[in-house]
Amino acid sequence: MNERNLIANLIKSLVQKTLGENYSIEQCDVKKNNSQPHKALVICKNGDNMAPTIYIGGLIDEILIGERTMNYAVDAIIKTYHETLPKGFDISSLKDFNCVKDRIIFQIVNTSLNRELLEDSPSIPFLNLSVIFKVTLDSLYDGCYATMHIKSEHLELWGVTKDTVYKYAIKNTPRLFPAEIIQFADIFREDCMKQGVSLPAGEIKADMLPMYILSNKASRYGCSCINYKNVLADFAEELGDDIYIIPSSVHEAILLPVIEVCVGLSELKDMVYSVNRTVLDSEEFLSDNVYLYSRETKQITIAI
């Protein structure tokens, strides 16, 4: 048994001892986005129909380098468990489609890296990506949301089709996670102010490629906003130009007015590939491609 597995099992035993016999705890490796494995504890109180998954990989890393103690990890996990339980939401209602239909949302993921997930989940192809579906359970701390991934078994339970789920997701997602587009220069200026650096706005804009960041207000899986109705259409009209779309992560996309791009598409794709391999966490990767939104056709295509 390697050191990480040993620590994970010790944490499980200590959490079990602290919570007592009224709780069942399972230690497992959970595959999240892009099939990235994460060590986790699944904690369920006897009689409950909700078992939150608490990811412990970060705590294990901190223990290994001596930054945290086992007692700290146990306290943090139990605190997270209590915070993660959705407040005011009846989990048993998940069996009733009428109770969940207004909470169904969609997210866009990389197809090839999530084949195992897609095998038993309803999904819809979106260019070379895939649209998957989740149910939002409750708003939690730090703007995060608890969600339940929708599998094929849920469609059978609810007696609905994938197209029905998609219809509600397309309507709900923009409502629950509104899109916002921010000019990169504004983000840069705000960061400078936080760091106490004063730069004239004109100087910033003159020296930077005009580009914009598209995400949702929760900054979680915000690249899905490229599939919101009229978001790109309205912005393209505002710019008076077509738009290159760079999925900088699953959480956001960079929008570039085509007329402002002064490098070739091959160079642009090389830049995207490099950033994806050197800056981005594997779990947040979405695509190495550059996409194009046409103002005339109102369609997204793969530019390169």
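**Note on a buried asparagine, salt bridges and a charged patch**

1. Asn216 is buried, with a relative accessible area of 3%. In this predicted model, Asn216 belongs to strand β9 (residues 212-216). Its side chain has two backbone partners listed here: a polar atom of the Asn216 side chain is 3.1 Å from the backbone nitrogen of Ala218, and the Asn216 side chain reaches the backbone oxygen of Arg220 at 2.7 Å.

2. The count of salt bridges is 8. One of them joins Arg4 and Asp61, with the closest N and O atoms 2.4 Å apart. This pair links distant parts of the chain, 57 residues apart: Arg4 is in helix α1 (residues 3-19) and Asp61 in helix α2 (residues 57-64). Arg4 is partly exposed at a relative accessible area of 29%, and Asp61 is partly exposed at 39%.

3. Glu283 and Lys32 form a salt bridge at 3.6 Å, N to O. Glu283 sits in the loop between α11 (265-278) and β12 (291-293), and Lys32 in the loop between β1 (23-31) and β2 (37-45), so the pair ties together parts that are 251 residues apart in sequence. Lys32 counts as partly exposed, at 31% relative accessibility.

4. Arg68 and Glu62 also meet through their side chains in a salt bridge, at 3.5 Å from N to O. Arg68 is partly exposed at 33% relative accessibility, and Glu62 is partly exposed with a relative accessible area of 25%.

5. Glu119, Asp120, Glu153 and Glu156 form a negative surface patch. Asp120 is placed in the loop between α5 (115-119) and β5 (124-126). With a relative accessible area of 36%, Asp120 is partly exposed.

Notes
Residues are numbered from 1 along each chain as its sequence is written. This is a predicted model: local features need pLDDT of at least 70, side-chain atom pairs count only at pLDDT 80 or more; totals for chains, interfaces and linings use all residues. Side-chain values use heavy atoms; hydrogens and water are left out. Patches are made of residues with over 30% relative accessible area and no salt bridge: like charges are joined within 9 Å, nonpolar side chains (Val, Leu, Ile, Met, Phe, Trp, Tyr) within 5 Å. Accessible areas come from the Shrake-Rupley method with a 1.4 Å probe; for residues, only the protein chains shown count as cover. A salt bridge is a side-chain nitrogen of Lys or Arg within 4 Å of a carboxyl oxygen of Asp or Glu. Lys and Arg count as positive and Asp and Glu as negative; His and the chain ends are not counted. The place of a charge is taken as NZ of Lys, CZ of Arg, CG of Asp or CD of Glu. Helices (H or I, at least four residues) and strands (E, at least two) are DSSP runs, numbered from the N terminus. Buried means under 20% relative accessible area, exposed over 50%, partly exposed in between (1.4 Å probe, protein chains only). A polar contact is a pair of N or O atoms within 3.5 Å; within protein, one must be able to donate a hydrogen and the other to accept it, and residues adjacent in sequence count only if both atoms are side-chain atoms.
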